[in-house]
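Me: Can you walk me through this model? I'd like the fold and the surface.

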Amino acid sequence: MEIQYIGMACALCLSAIGSAIGAGCASMSAVGAWKKCYANGKPASFIMVAFAGAPLTQTIYGFLLMNFIRSAVESGSATPTLAMFVGIVAGIAIATSALFQGKAAACAADALGETGKGTANYFIVIGIIETVALFTLVFSLLLLQ
C-alpha cells in the first residue's frame with residue numbers, strides 16, 4: 001500500500017472540510033446580518049460576501065499541499081510515511097484555520113451589519129487567521145524538501 005496517498009487525500013479533504021464549515025458559519029451570519037439591515041431599513045453591505053467566502057482559500061492550500069506531497073514522494077525528497085503524516089497534520093492545521101476564520105468572519109458580518117463600520121479592521125483579523133494556513137503550507141513544503 002502506498003501510504004503517501006493517505007496524506008495527499010487528508011491534505012485536500014481536511015482542508016476542504018474546514019473551508020466548508022467555516023464558510024457555512026460565515027454565510028449564515030451574513031444572511032442574518034442582511035436580514036437585520038433589511039428589517040431596519042438600512043443598506044445591506046455586499047462586502048459580507050467576502051466574509052462568507054474567506055475560508056474557501058484554505059481548500060486551495062490543501063490542493064497545493066496535496067500536489068507538493070506527490071512531487072516530494074516522486075522526487076525522493078520525502079518518504080511515504082513522512083508524506084502521510086505531513087498531509088494529515090497539515091490538513092488538520094489548515095482546516096482549523098478555515099474553521100476559525102469562518103467564525104471570525106461571522107462575527108465581522110454581524111458587527112458590520114449592526115454598525116456599518118470597521119470593515120478594514122475585520123479584514124485584518126480575518127487575514128491574520130489566514131496566515132496560519134499559509135505558514136502551514138510553506139513550512140510543510142520545507143519539511144518535505
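Reply: Sure, here's a quick chat through the fold, one helix and a surface patch. The model is predicted, so local features need pLDDT of at least 70 and side-chain atom pairs count only at pLDDT 80 or more, while totals for chains, interfaces and linings use all residues. Residues are numbered from 1 along each chain as its sequence is written, and side-chain values use heavy atoms, with hydrogens and water left out.

Me: How many helices and strands does the protein chain have?

Reply: Five helices and zero strands. Those are DSSP runs, H or I of at least four residues for helices and E of at least two for strands, numbered from the N terminus.

Me: What does the C-alpha trace span along its principal axes?

Reply: About 60 × 25 × 15 Å.

Me: Does α1's length add up, or what should its 36 residues span?

Reply: Helix α1 covers residues 4-39 and should span 52 Å at 1.5 Å a residue, counting one less than its number of residues. Its end C-alpha atoms are 52 Å apart, so that agrees. G41 follows α1, with a positive phi near 70°.

Me: Switching to the surface, which residues make the nonpolar patch?

Reply: F135, V138, F139 and L142, over about 420 Å². Patch residues have over 30% relative accessible area and no salt bridge (Lys or Arg side-chain nitrogen within 4 Å of an Asp or Glu carboxyl oxygen); nonpolar side chains are joined within 5 Å, like charges within 9 Å. Areas are Shrake-Rupley with a 1.4 Å probe, and for residues only the protein chains shown count as cover.

Me: And where is F139?

Reply: In helix α5, residues 119-144. F139 counts as exposed because its relative accessibility is 52%; the cut-offs are buried under 20%, exposed over 50%, partly exposed in between.

Key
Buried means under 20% relative accessible area, exposed over 50%, partly exposed in between (1.4 Å probe, protein chains only).
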